[in-house]
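Subject: The structure you asked about

Hi,

Here is the structure I said I'd pass along. Have a look at it first, and then read on for what turned up.

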Amino acid sequence: MVDLTLEIRKTAKELLEKGEAKVVLGWEKGNFPYSTTPVFIDKPEDTERLIWDEYCINNLALYMLDYKHLDGKVGIFVKGCDSRGINRLVQDKQLDREKVILIGLSCPGMKDEKKAKELGPNADIPMAQKCQDCRYPDPVVYDVFLGEKQNKKVPEKIDTSDVEEMETKSPDEKYRFFTTNYEKCLRCYACRNVCPACNCKECIFDQTATGWLAKANNVSNNMFFALTRAMHVGGRCIECGECERVCSVNIPIMLLNKKIIKDINFLFGDYDAGLETEERLPLGGYDYTDPEEFM
Amino acid sequence: MKRVGVFICHCGTNIGGVVDCPKVAEIAKDYPGVVYSVDNKYMCSEPGQELIKKAIKEQNLDRVVVASCSPRMHEPTFRRCVENAGMNAYFMEMANIREHCSWVHASEKDKATEKACDLVKMAVAKAIMNKPLQKATIPVTDRALVIGGGIAGIQAALDLANAGHVVDIVEKEPSIGGKMAQIDKTFPTLDCSACILTPKMVDASSHPNINLITYSEVEKVEGFVGNFDVTIRKKARSVDMSVCTGCGVCMSKCPSKVDSEFEMLLSKRKAIYTPFPQAIPNKPVIDRDNCTYFKTGKCGICQKVCTLGAIDYTQEDEFVVTRYGAIVISTGFEQFDHSVYGEYGYGKYPDVITGMHFERLINASGPTMGKIKRPSDGKVPKNVVFIKCVGSRDVAKGKSYCSKTCCMYTAKHATLVTEKIEDSNVYIFYMDVRTGGKGYEEFYNRTREKYDAQYIRGRVSKVFKQGDKLIVRGEDTLLSQAVEIEADMVVLATAMVPQADASKLAQKIGIGYDKDHFFTEAHPKLAPVETHTQGVYLAGACQGPKDIPESVAQASAAAAKACGLLSKSEMLTEPIISVVNESICVGCGLCVPICPYKAIDLKTISERDHGKTIERLVADVNGGLCQGCGACTVACRSGALDLKHFTDQQILAEVNALCL
């Protein structure tokens with residue numbers, strides 16, 4: 001990873017020096033050994049801050065929204081999940097593919113920062129859950145590729161065993177499960193803020209005057225928020241797991257996302273969001289041949 | 001504070017017999033905003049409407065809630081009523097306490113009354129939030145398109161043309177005429193089908209307002225009511241229509257013989273052909289799949305014999321785009337593919353034929369010159385068995401519906417067999433005999449009594465060959481015994497199904513179709529010739545099984561509807577359409593493919609952002625195309641799209657009224 005760090009710095013420096021990119025998005029070391037944070041470099045001399053280690057877990061794609069109207073290109077380092085996030089934004093017409101230079105990196109799977117914090121400096125830190133579930137460690141789209149692809153063998157279909165287990169429970173048990181979890185929700189909206197599929201100009205949850213969602217923090221409002229959020233990314237969720245990773249009260253947010261993915265796969269055929277940008281979204285079209293079996 | 005008036009309708013006993021209407025009116029007085037509340041026997045009646053108008057003036061109302069039937073029928077009535085009293089029509093809100101309440105809760109009167117109160121309460125809450133809406137106008141192109149040149153299409157075109165409108169008929173076959181041209185006699189009068197059809201065909205072709213576009217198909221339909229831009233594919237005829245006189249020399253000299261579709265494959269036609277002698281236009285086309293010149297590059301006889309040089313092998317399909325104000329669809333029917341009934345031996349035994357084959361066999365200009373002969377050996381059949389409901393009324397193998405015409409045409413066939421063949425016997429296997437229609441029952445009785453047709457109630461289990469006879473084994477369910485009939489010929493009354501590509505055409509035009517792919521009318525009773533797409537009308541069997549009189553009647557009805565639209569140069573548009581809040585629209589474009597009416601596009605707008613002028617995409621709704629279905633508002637995750645008159649705020653007000 002040290003070699004790759006040097007290559008990353010070199011590539012970023014070149015992009016900025018030649019003026020090919022105005023800004024480069026990557027990762028830099030944080031305050032702790034287990035924290036690595038996104039960094040936005042716009043001067044060649046700052047590229048020394050860039051690193052590539054086992055904690056570069058943040059999905060950077062979402063930050064492209066801040067550069068929507070930048071004159072010039074943005075360079076961005078992408079793992080598998082970041083690249084799917086980029087496709088997400090391109091397909092949602094929030095990003096002009098021409099205005100971004102994608103530098104691909106093969107991701108070995110990142111470590112769990114929360115566990116690292118708990119277990120201390122000498123422990124063997126397990127891989128983060130979102131990386132254990134990852135099926136696309138190599139970027140699905142890139143302009144330049146650094147290092148070597150690992151072509152790791154990954155499961156063909158998303159693992160929905162946890163969803164299936166939940167489906168076997170009684171309505172009461174399910175309701176209890178969700179109320180217990182969403183009682184904890186602080187409505188900090190971190191899950192929304194970190195999500196590349198949440199790219200609205202003005203989020204519905206910020207439009208308080210419409211009256212959809214009250215500000216009060218209670219189970220009813222929290223669950224309404226959670227379900228609405230899950231539906232709004234339905235068919236577009238790239239399974240990067242960032243929402244669940246950033247949840248400060250450890251709500252299993254991906255369970256809802258995966259339930260919707262599972263249903264879409266069942267109803268409309270297998271679909272992995274963010275692999276390409278042209279195909280119509282499974283929930284994004286009117287189909288006259290829709291059988292409408294429920295009618 | 002808004003001043004709401006509430007009007008509770010008894011609808012005679014429809015509502016009043018279940019819901020305690022005076023009580024609902026009394027309770028409604030306490031709902032927020034309500035200043036006046038009253039009940040009446042018939043709100044839609046003249047006195048009922050007068051009551052509303054009077055109350056608006058006297059009570060100074062600015063919102064009206066009418067609790068009565070489904071808005072489908074009387075929403076326009078009450079909108080007009082409040083408009084006459086000087087109020088914006090969209091300030092009137094209806095609560096459906098009949099279909100949604102009294103009819104479904106007839107046995108629970110108290111609960112029904114309680115529910116009626118809730119429905120009124122919701123309507124009051126919504127009415128208060130209602131905004132005044134204004135109708136806009138769009139121009140109307142005075143030209144109609146008729147798709148399908150069968151009897152329904154011809155009739156619709158003639159009626160439109162006689163009313164002074166220009167009409168184009170698009171027909172996929174080389175000639176107009178459709179199925180009626182293949183039929184020999186028509187029930188119940190037994191007039192010759194061609195004799196009454198061909199004059200209409202000639203009328204259509206010679207009418208100054210009608211253009212025939214034969215051997216052509218609709219490729220694409222864009223635009224909206226009053227302004228449909230239709231792309232028509234004119235298939236290459238390989239014959240220059242402007243030069244050809246229809247002398248027919250090419251057809252007589254052509255060496256390639258092909259089974260004639262018009263004659264139900266019972267005789268041959270040439271590769272350069274007109275489907276039948278009275279074809280209109282009576283100018284041939286080259287069937288390129290079967291033409292020796294197109295297959296091998298050799299031959300060219302037709303070109304050599306044509307003294308006018310009308311044969312053009314280099315012709316290509318031509319695409320023309322024309323703007324129409326209205327579209328009448330009259331694509332008719334096909335015969336059900338009865339090969340699923342292997343037990344009847346169709347395809348295996350040449351003497352098992354369908355009703356349409358039979359029509360050709362008895363037609364004087366058909367392959368046997370009107371003599372009924374067996375296709376296998378040309379012998380005259382003595383015993384003829386008819387099997388009805390082949391594909392109709394059979395949920396397991398065929399269609400669930402009744403094809404409606406088979407009872408009558410089988411009776412017709414039976415009389416014709418008896419008339420034409422001496423000492424013949426006719427046996428008809430049936431499930432029920434349905435003869436609704438003027439003179440139909442009398443015709444059926446005559447068939448039984450005067451022509452001595454043997455009606456056997458029951459289904460046939462098997463048809464098999466024995467010597468040169470066909471043994472028809474079935475059951476007579478009235479006598480509860482098995483029957484076996486030695487037949488010389490078996491005629492299957494196959495179901496009517498829509499054209500194979502009906503669903504594709506419906507998708508191109510943007511209209512609905514049912515599970516059997518018949519086109520769906522806007523309302524089965526009150527709008528039977530309209531579709532849910534304004535400006536598109538239905539005529540004939542493409543909407544459901546129909547006989548000739550019904551098809552003609554519906555064609556004239558569709559024409560009358562189209563005339564109503566085309567008679568004005570401008571039309572009012574419904575203001576209940578989607579609107580985009582550009583300030584929060586993120587331009588993701590998800591609403592574009594979601595819209596069934598292709599009413600949404602993305603457009604670029606420029607705005608100031610942090611001291612810079614930036615450009616961004618936002619959704620743009622075409623008010624002429626939008627039908628107000630609301631699909632886009634659901635797809636829009638930002639909530640930037642909203643449906644006027646059903647805004648999020650208005651719906652939430654209703655929900656809150658009920659739940660809070």
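Below are my notes, going from the contact between the chains down to a single residue.

Before anything else, please keep in mind that this is a predicted model.

**Where the chains meet**

Let's start with chain A against chain B. Chain A puts 18 residues into the contact, and chain B puts in 23 residues. On the chain B side, four elements give two or more residues each: helix H14 (502–509), helix H16 (591–594), strand E33 (612–621) and helix H18 (648–659). Sorted by class, that side of chain B has 13 nonpolar residues, along with six polar and four charged ones.

**Inside chain A**

Chain A itself is split into domain 1 (2–146) and domain 2 (161–268). If you take the C-alpha centres of these two domains of chain A, they lie 25 Å apart. The two domains do touch: in chain A, 16 residues of domain 1 are in contact with twelve residues of domain 2. Helix H2 (80–91) and helix H4 (129–132) of chain A each supply at least two residues of the domain 1 side. H2(A) has the largest share there, with five residues. By class, the domain 1 side that touches domain 2 in chain A comes out as seven nonpolar, four polar and five charged residues.

**A hairpin in chain B**

Over in chain B, strand E24 (residues 460–466) and strand E25 (residues 469–476) run antiparallel and are joined by six bridges. Across this pair, Lys462(B) on one side stands opposite Arg473(B) in E25(B). E24(B) and E25(B) make a hairpin with two residues between them, and Gly467(B) in the turn has a positive phi of about 65 degrees.

**Tyr513 of chain B**

One residue to click on is Tyr513(B), which you'll find in the loop between H14 and strand E29 (536–538) of chain B. Is Tyr513(B) buried or exposed? It counts as buried because 20 other C-beta atoms lie within 10 Å, and the cut-off for buried is 20 or more.

Which residues is Tyr513(B) in contact with, leaving aside its neighbours within four places in sequence? On one side of the sequence there are Ala502(B), Ser503(B) and Ala506(B), and on the other Phe518(B), Phe519(B) and Thr520(B). Take Ala502(B) from that list: Tyr513(B) and Ala502(B) are eleven residues apart in sequence, with their C-alpha atoms 8.4 Å apart in space.

Shout if you'd like to go through any of this together.

Cheers

How values were computed:
Residues numbered from 1 in each chain as written. Chains lettered and ligands numbered in written order. Predicted model: local features only at pLDDT ≥ 70, side-chain atom pairs only at ≥ 80, totals over all residues. Contact = placed C-beta atoms within 7 Å. Nonpolar A, V, L, I, M, F, W, Y, C, P; charged D, E, K, R; others polar. Domains from an automatic or database assignment. Pairing = 2+ DSSP bridges. Buried ≥ 20, exposed ≤ 12 C-beta atoms within 10 Å, placed from the backbone.
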